[in-house]
Amino acid sequence: MNFFLAVILISYLFSLYPKVRIIFVSPKSLAMPQKLKDDLKDKGIDFEETEDLKDALSKVDIVYMTRIQKERFGDKKAYQQYFGRYILDRDMLKYLKKKTF
């Protein structure tokens with residue numbers, strides 16, 4: 001849970017608002033903890049999990065992004081598989097809606 005603390009806290013904060021929908025983007029090996037997903041379901045919060053950053057960017061009004069940390073992976077090969085895949089750079093900005101924050 002320590003790795004996810006910021007994302008977990010922000011998810012609980014967003015869950016206080018009506019009609020919120022959360023999209024978690026990450027490799028499956030770094031999926032959100034089941035407890036968080038269960039809590040969101042219990043509160044009736046709509047959420048989605050995906051590995052597709054481009055698709056998620058086209059659907060959101062707010063982006064909160066953390067970096068993929070090497071220490072979260074069991075081995076270097078697994079980290080290398082995702083290194084550079086989840087970067088919000090100038091090219092990715094074109095997938096955002098005009099008023100995304």
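Select E49 to open the tour of this predicted model. E49 is partly exposed, at a relative accessible area of 39%. Its residue sits in strand β2.

**Stop 1: E49 and K37**

Now add K37, in helix α2. The two residues form a salt bridge, with the closest N and O atoms 3.3 Å apart. Along the chain they are 12 residues apart, and the pair links distant parts of it. Is K37 buried or exposed? K37 has a relative accessible area of 12%, so it counts as buried, the limit being under 20%.

**Stop 2: E51 and its two partners**

Move to E51, in the loop between β2 (46–50) and α3. E51 is partly exposed, with 22% relative accessibility. Which residues should be shown with E51? Show K28 and R85.

- K28: a salt bridge to E51, closest N and O atoms 3.3 Å apart. K28 lies in the loop between β1 and α2 (34–42), 23 residues from E51. At 67% relative accessible area, K28 is exposed.
- R85: a salt bridge to E51, closest N and O atoms 3.8 Å apart. R85 lies in the loop between α4 (76–82) and α5 (90–93), 34 residues from E51. With 40% relative accessibility, R85 is partly exposed.

Both pairs link distant parts of the chain.

**Stop 3: the network**

Select R21, D46, E48, D55 and K59 together. Salt bridges that share partners join these five residues into one network. How many salt bridges does the whole structure hold? A full search finds nine.

**Stop 4: the largest pocket**

Switch to a surface view. The largest pocket holds about 830 Å³ of space. Centre on I22, I23, F24, V25 and Y64, the lining residues that lie nearest the middle of the pocket. The full lining has 33 residues.

Colour by element next. α1 (5–14), β1 (21–25) and α3 (53–57) each give two or more residues to the lining. Which element gives the most? That is β1, with five residues.

Then colour by class. The lining has 24 nonpolar residues, four polar and five charged.

**Stop 5: a nonpolar patch**

Finish on the outside. Select L13, L16 and Y17, which make a nonpolar surface patch of about 340 Å². L13 belongs to helix α1. Why can L13 count towards a patch? L13 is partly exposed, with a relative accessible area of 43%, and patch residues need over 30%.

Terms used
Residues are numbered from 1 along each chain as its sequence is written. This is a predicted model: local features need pLDDT of at least 70, side-chain atom pairs count only at pLDDT 80 or more; totals for chains, interfaces and linings use all residues. Side-chain values use heavy atoms; hydrogens and water are left out. On a 1 Å grid over the protein atoms alone, a cavity is a set of points where a 1.4 Å probe fits but cannot get out, and a pocket is an open set with protein on both sides within 12 Å along at least five of seven lines; lining residues have an atom within 4 Å of a point. Grid points are joined across faces, edges and corners, and a volume is the space filled by probe spheres set on the points. Helices (H or I, at least four residues) and strands (E, at least two) are DSSP runs, numbered from the N terminus. Ala, Val, Leu, Ile, Met, Phe, Trp, Tyr, Cys and Pro count as nonpolar, Asp, Glu, Lys and Arg as charged, and the others, Gly among them, as polar. Patches are made of residues with over 30% relative accessible area and no salt bridge: like charges are joined within 9 Å, nonpolar side chains (Val, Leu, Ile, Met, Phe, Trp, Tyr) within 5 Å. Accessible areas come from the Shrake-Rupley method with a 1.4 Å probe; for residues, only the protein chains shown count as cover. A salt bridge is a side-chain nitrogen of Lys or Arg within 4 Å of a carboxyl oxygen of Asp or Glu. Buried means under 20% relative accessible area, exposed over 50%, partly exposed in between (1.4 Å probe, protein chains only).
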